Amino acid sequence: METTRITYDDDIARKFVTASVIWGLVGMLVGVIVALQLAFWQANLGPYLSFGRLRPLHTNAVIFAFVGNMLFAGVYYSTQRLLKARLASDKLSRIHFWGWQAIIVAAALTLPLGITQGKEYAELEWPIDIAIAVVWLVFATNFFWTLARRNEKHLYVALWFYIATIITVTVLHVVNSLVVPVGLWKSYSIFAGIQDALVQWWYGHNAVAFFLTTPILGIMYYFLPKAANRPVFSYRLSIIHFWSLVFLYIWAGPHHLLNTALPDWAQTLGMVFSLMLIAPSWGGMLNGLLTLRGGWSELRNDPVLKFFAAGVTFYGMATFEGPMLAIKGVNELSHYTDWTIAHVHVGALGWNGFMAAGMFYWMVPRLYGTKLHSQSAANTHFYLATVGILLYAASMWTSGITQGLMWRAENEAGGLVYPSFVETVIAIRPMYWTRLVGGTLYLVGFCMMAWNLVVTARSGKAVDGAADVVVEKPSSDASAAGILFGSPVIICVVVLALLGAVAFLGPVGSTVVMAVAGIIAIAATARFFGAKASDKVSWHRLVEGNAMPFTILTVGAVLVGGVAEIVPIIVTGNTTMAATDNKPYSALELEGRDIFLKEGCYNCHSQMVRPFTWETARFGAASKIEDSVFDHPFQWGSKRTGPDLAHLGGRYSNVWHYKHLLDPRELSPGSNMPPYSHLAKNGIDFSHTADKLRAMRSIGVPYTPEQIASARADAEHAGRTIAAGLKQDANVTVAPNAELVALIGYLQRLGRKQSPIAARERVSHPTLARAGGL
């Protein structure tokens, strides 16, 4: 047998670990700042450091900078050892590293400047999106090139999850980033309203699944057994875990849009698949925890195992809570509240944060040929972080349930018990302070880890791992066609075809077909687990030795759900646009909408009234699909720190909006909304407005050539009308092209089929007036 000496490229892992720790500090510090801003509005320091602009910076820094760099470090370190091969290209590795850091810096500069697409977890503008695609392609090329050059034919389970991550993130990013540019730093999504909502949450949900979950599961399958010095508990369970997870996850995105204007079939699909996700998620959790069987006593002294065990446990908690929140009845209470914030942070801080800490404490001493400087400091970090997470989650659970109950509270006469939205804001403020304490404790623990790792690295020197490996070329025992048309694939296709037929059958027929599909699936699974050692998973062992068929099957498992959900919505969305009698935004209103996105107002306000009596009494009629048919991007929102704005137009005068934007507490005492006085000083260059209308027309918004040609004059005229009204009614002088004027124009349009004839209107409904305090 041919033997060769492999020296691994561990320098790239050291670089990504360093970057992850640095950006983790930045992201968590910004998180503490935005938590303070919600509890203490005075912490909003000018336009660049306001909550609306910093919150996207926080989420992007934690997701793509902290966790992103961490997963790249883990993937590069483990892949070389699992494949018994050095990375295919050192140059591609360095391009990947520096390119990713450049993207993060670009995000850190543009988001505080208000340069954003206004799409949650996808705020970065089109030039940065292109850079992300290029750098991700570099990463994928290096990974699959290394896969092709491997000296170990068998693909270990961790590699399965890495393959699924690379493929799925590519698809998600490309589809969700389809835009029409308007200049270098402005663009509009090609999708609108319901189409954009489904595409965005297909992306948003699965970004969590395939960027924050599947690669970290791969890291779990490699590093946890290494740290525990024990094999993975169940190989068969890992197979079931992988395939069921990558197939089911992609269908669950619509659970973010329950009880909205999304069609019932899509909502039900999202809810059902979300509930089904409990099984594979908990299968993975149990596989991780049971790998520690017989070694639980080591957790007392080993901080690495502490973090891994707790991280996997938090994964189990988050993946149980998520499906529960996807039940329509529970979602009625939880949606738009801080309960969702608690759920997200249990995953981000508990699962991602603890797995990162465990990996860092295990990797860094080996990367520098030394021992961890202080195990006691690492243990202290663990307890600080645990207490911090529990305080954070408990406070947000309490806050979210309080919000949900107060919003829906009705008296015997059917009226709202708490008609003013700001009453809820005041009630939950103590929980915001508690959240701040919890987040600060977590940050302090992270700072301790950073110090510990730096001292550890300085006590040693950089060491690249090496190993003598037997060259074992990929298997040729079976053809790709033989694998792709094997019995497991045929069974899956048959089951999927039966389930697809349900859409065309009546109640009795669909019940029978679903029962048959269920029986086939259960029988196949039972046969799999009941197989003897001599014949078990023989087909899958062939798949694991053939990277190309494995990748093709993974692509198929991922794409089925996305295509089945999104294509029908795109078709029906176009039909809705053709049938609506709504008029597009006027030139000034479109400029005002861009200011709304620039200031990050979508982080705190929804534009989707759900069909519940307590919501319609507070915000107006339930929202319909056609209400947002011209919204590129959609603005249904995911969190209500302030009230819903779907029907805001005409409820208040222009003077009210002017005063409220300059000093929210003058009209809504107790509000935590920051002031936006800078909007009265900043002007808009209307010479570019026609370009915006032209771009909108190219993606289906029915602007006429005449409207495009007169866009500048129309915007200036509407601005002068609003400015003159403010002067007449309140003796306020503001420039007609001020950002504040355009924003008022946009707010006055919300909920109306066309631009209001009169620029100045008065509150005509006292109940709605009371409900609208921001």
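Biologist: Before we start, what does contact mean here?

Modeller: Contact means heavy atoms within 4.5 Å. Take Ser238 in this predicted model: leaving aside neighbours within four places in sequence, Ser238 is in contact with Val157, Trp160, Tyr221 and Asn287.

Biologist: Where does Ser238 lie, and is Ser238 buried or exposed?

Modeller: Ser238 lies in helix α8, which covers residues 235-249. Its relative accessibility is 2%, so Ser238 counts as buried.

Biologist: Let's step back to the whole chain. What does the secondary structure come to?

Modeller: The chain has 30 helices and four strands. Of its 774 residues, 60% are buried.

Biologist: And how much area does the chain expose?

Modeller: About 29,100 Å², with carbon and sulfur atoms supplying 67% of that.

Biologist: What about contacts between residues far apart in sequence?

Modeller: Taking contacts between residues at least 6 apart in sequence, 84% join residues at least 24 apart.

Biologist: Now the inside. How many residues are in the largest nonpolar core?

Modeller: That core has 175 residues, and Trp100 and Phe360 have the most contacts inside it. Helix α2, residues 51-83, gives the most to this core, with 18 residues. There is also a second, separate core of 50 residues, which includes Val629, Trp656, Met673 and Val701.

Biologist: What does Trp100 touch?

Modeller: Not counting residues up to four places away in sequence, Trp100 touches Phe64, Asn69, Phe72, Ile95, Ile132, Val135, Trp136 and Phe211.

Biologist: Staying with α2: which residues does His58 touch?

Modeller: His58 is found in helix α2 and, with residues up to four places away in sequence not counted, touches Gly27, Val30, Gly31 and His345. The His58 side chain reaches the backbone oxygen of Gly27 at 2.9 Å. Leu29 is 29 residues from His58 in sequence, with the two C-alpha atoms 8.4 Å apart.

Biologist: Why does His58 count as buried?

Modeller: Because its relative accessibility is 14%, and buried means under 20%.

Biologist: Different topic, the surface. Which residues make the nonpolar patch?

Modeller: Leu45, Tyr48, Leu49 and Leu113 make a nonpolar surface patch of about 410 Å². Leu45 lies in the loop between α1 (11-39) and α2, and is exposed with a relative accessible area of 57%.

Biologist: On to backbone geometry. Where is the cis peptide bond?

Modeller: A cis peptide bond joins His632 and Pro633, with omega about 0°. Pro633 is found in the loop between α23 (613-619) and α24 (654-662).

Biologist: What is phi for Asn229, and what is phi for Asn259?

Modeller: Asn229 has phi near 60°, a positive value in a residue other than glycine. Asn259 has a positive phi of about 65°, and is not a glycine either.

Biologist: Where do these two sit, Asn229 and Asn259?

Modeller: Asn229 lies in the loop between α7 (214-228) and α8, and is exposed with a relative accessible area of 70%. Asn259 is in the loop between α8 and α9 (264-276), and is buried at 9%.

Biologist: Last topic, charges. How many salt bridges are there?

Modeller: The count comes to 27 salt bridges. In one of them, the side chains of Glu152 and Lys84 meet at 3.5 Å, N to O. That pair links distant parts of the chain, 68 residues apart: Glu152 is in the loop between α4 (126-148) and α5 (157-176), and Lys84 is in the loop between α2 and α3 (90-110).

Biologist: Are those ends buried or exposed, Glu152 and Lys84?

Modeller: Glu152 is buried, with a relative accessible area of 14%. Lys84 counts as partly exposed at 29%.

Biologist: Back by the cis bond, what does Asp631 pair with?

Modeller: Asp631 forms a salt bridge with Arg593, and the closest N and O atoms are 3.5 Å apart. Asp631 lies in the loop between α23 and α24 and Arg593 in helix α22 (residues 587-598), so the pair ties together parts 38 residues apart in sequence. Both Asp631 and Arg593 are buried.

Biologist: And which residue does Glu615 pair with?

Modeller: Glu615 forms a salt bridge with Arg640, with the closest N and O atoms 2.8 Å apart. Glu615 is in helix α23 and Arg640 in the loop between α23 and α24, 25 residues apart. Both Glu615 and Arg640 are buried.

Biologist: Which residues are joined into a network?

Modeller: Asp9, Asp11, Lys15 and Arg94 are joined into one network by salt bridges that share partners.

Methods
Residues numbered from 1 in each chain as written. Predicted model: local features only at pLDDT ≥ 70, side-chain atom pairs only at ≥ 80, totals over all residues. Heavy atoms only, no water. Core = buried A, V, L, I, M, F, W, Y, C linked by side-chain atoms within 4.5 Å. Buried < 20%, exposed > 50% of the residue type's maximum accessible area, 1.4 Å probe, protein only. Polar contact = N/O pair within 3.5 Å; in protein donor to acceptor, adjacent residues only side chain to side chain. Patch = residues over 30% accessible without salt bridge, like charges linked within 9 Å, V, L, I, M, F, W, Y side chains within 5 Å. Areas by Shrake-Rupley, 256 points an atom, 1.4 Å probe, with all protein chains shown as cover. Salt bridge = Lys/Arg side-chain N within 4 Å of Asp/Glu carboxyl O.
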